[in-house]
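Reader: I should like to discuss the open and enclosed spaces of this protein, beginning with the pocket. May I put some questions in turn?

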Amino acid sequence: MRAQAFAESSATVVLVEGDSDRFAVEALALRFEVDLVAASATVVSMNGVTNLHRHLAELARGSARRRVVGLFDLPEIAHVRRAVEGAGLAQPGTDLASLGFFACDPDLEGELIRALGSDRVEGLLADHGELERFRGFQRQPAQRAKTAEAQLRRFMGTHSGRKARFAPILVGALEPSRVPIALSGLLDAAITPPSSAGILGIG
């Protein structure tokens, strides 16, 4: 669904690449008792970073002025920068994080697995009936030489829906001091009162 339709009454729109990112952000807000609704912030899944241009264009045409922030995978930084600069939200070379656009290195799963550690993630797989599947995945020839963290990251994407299922589980297991900067920064940006930075719309 379009960002504008999702966020019709929101002061801030949080654009994320997919449902797993949306579930993670919403789970983090719940975990730390951050009321996104009270902050007039809506998290919108773009169904892929390639749709960022379209979402920004829709918000720019909207009847209300809204602040836009976002979360993306580090390999997509050039695409995100072009979209943000093209929408008039940034000058060339502007630090994207200063605008509220945060990069996960290399992606959300990588950030969460690194923050938790492979042993803790394997424990969560066991708790949710996925550890034996993961052990079988580890035995595949293409996976044997990889680190446990790399195997776990790849495993999360081998089954449709697994990323979305485990995103809130992994977030729920995080110690407060281990929350990835990309996620904590995004959550802070989402509840910051709108300023002149990152504003789209004609209202």
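Reader: Which helices each supply at least two residues of the lining of the largest pocket?

Author: The model is a predicted one. In it, the largest pocket has a volume of about 190 Å³ and is lined by 14 residues. The helices that each supply at least two of these lining residues are α2 (19-31), α5 (108-116) and α9 (162-172).

Reader: Which element provides the largest share of that pocket's lining?

Author: The residues nearest the centre of the largest pocket are Glu17, Ser20, Asp21, Asp73 and Lys163. The largest share of the lining amounts to three residues, and these come from α2.

Reader: How many residues of the lining of the largest pocket are charged?

Author: The lining comprises 14 residues. Three of them are nonpolar and four are polar. The number of charged residues is seven.

Reader: Why is α5 described as largely enclosed by the rest of the structure?

Author: A residue is counted as buried when its relative accessible area is under 20%. In α5 the residues that meet this criterion are Leu108, Glu109, Gly110, Glu111, Leu112, Ile113, Ala115 and Leu116. The helix is therefore largely enclosed by the rest of the structure, its buried residues numbering eight of nine.

Reader: Which residue follows α5, with a positive phi?

Author: The helix α5 spans residues 108-116. The residue that follows α5 has a phi near 90°, and that residue is Gly117.

Reader: Which strand gives the most to the lining of the largest cavity?

Author: The structure holds two cavities of 30 Å³ or more, and the largest has a volume of about 40 Å³. Its lining consists of Leu15, Met46, Leu52, Gly70, Leu71, Phe72, Val80 and Phe101. By class, seven of these are nonpolar, one is polar and none is charged. The strand that gives the most, with three residues at positions within 66-73, is β3.

Reader: Which element gives the largest share of the lining of the second largest cavity?

Author: The second largest cavity contains about 30 Å³ of space and is lined by Leu108, Glu109, Met156, Arg162, Lys163, Phe166, Ala167 and Leu170. Two elements, α5 and α9, give two or more residues to this lining. The largest share is five residues, and the element that gives them is α9.

Reader: How many charged residues are in the lining of the second largest cavity?

Author: Among the lining residues of this cavity are Glu109, Arg162 and Lys163. The lining has five nonpolar residues and no polar ones, and the number of charged residues is three.

Key. Residues are numbered from 1 along each chain as its sequence is written. This is a predicted model: local features need pLDDT of at least 70, side-chain atom pairs count only at pLDDT 80 or more; totals for chains, interfaces and linings use all residues. Side-chain values use heavy atoms; hydrogens and water are left out. On a 1 Å grid over the protein atoms alone, a cavity is a set of points where a 1.4 Å probe fits but cannot get out, and a pocket is an open set with protein on both sides within 12 Å along at least five of seven lines; lining residues have an atom within 4 Å of a point. Grid points are joined across faces, edges and corners, and a volume is the space filled by probe spheres set on the points. Helices (H or I, at least four residues) and strands (E, at least two) are DSSP runs, numbered from the N terminus. Ala, Val, Leu, Ile, Met, Phe, Trp, Tyr, Cys and Pro count as nonpolar, Asp, Glu, Lys and Arg as charged, and the others, Gly among them, as polar. Buried means under 20% relative accessible area, exposed over 50%, partly exposed in between (1.4 Å probe, protein chains only).
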